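Please open the structure in a viewer and follow the stops below in turn.

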Amino acid sequence: TNNSLVYILGIYRQLNKNWSLGFSYRFPSIEISGKGDFYSSSITTTPFDSRVDRLSEIKSETKIPGFYRLGTAYRDGSRVFSFEITYSEPIQYFDLESTIGRSLIRHQGTINVSAGMELKLRKWLKWRFGLFSNNSTVKEPQINLAVQQPAKVNMWGFSSNIGLYSSDNI
């Protein structure tokens, strides 16, 4: 279990009646606390031998990398179009303080993009639609390496929703 503090600093600017621009930076996480357990057993049959490694309450760490976000939007009457690009900083760390059982965690710098639109169909009805990438921050697994490795999964996706407004105050 790990607990960290993450904070974000950003700026938003309405450039004119139609255009807006925003930028933010999420600072790398600050570790508050973290503990983990490790268990490993192995058996050799010739000659017979068994070994168990068990460690409890080891200091552990999970780091969240710094993250840049730049976005813009164009508003024209009943339509809004938006675009955003993000960059996740590279980072590497050991997940456990103990040299027994720890893993070197590596995240590479990664770029993702998203684009969306909002259409006001009626005063009380809006439709939103977006496309996004979710590229993995880990490298391709090495097939010849017989150790635990994170899976690299790059994704493209979409989202859509309908907003129903029951008040003019929203």
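Which residue in E4 does Asn2 stand opposite? Select Asn2, and Gly34 appears opposite in E4. This is a predicted model, in which local features need pLDDT of at least 70 and side-chain atom pairs pLDDT 80 or more, while totals for chains, interfaces and linings use all residues. Residues are numbered from 1 along each chain as its sequence is written, and side-chain values use heavy atoms, without hydrogens and water.

Next, select E1 and strand E4 (residues 30-45), which run antiparallel and are joined by four bridges. Strands are DSSP runs of at least two residues, numbered from the N terminus, and two of them pair if DSSP finds at least two bridges between them. Adding E5 gives an open sheet of three strands, ordered E1-E4-E5, with antiparallel pairing. Strand E1 (2-5) and strand E5 (48-59) are its edge strands, each pairing on one side only.

Proceed to the open sheet of seven strands, which has the order E2-E3-E6-E7-E10-E11-E12 and antiparallel pairing. Strand E2 (8-14) and strand E12 (155-164) each have a single partner strand, so one side of each lacks a neighbour in the sheet. Within this sheet, select strand E10 (residues 110-122) and strand E11 (residues 125-134), which are joined by eight bridges. Lys120 has Lys126 in E11 as its bridge partner.

Finally, select Trp19 in strand E3. Trp19 counts as partly exposed because its relative accessibility is 38%, where partly exposed lies between buried (under 20% relative accessible area) and exposed (over 50%), with a 1.4 Å probe and protein chains only.
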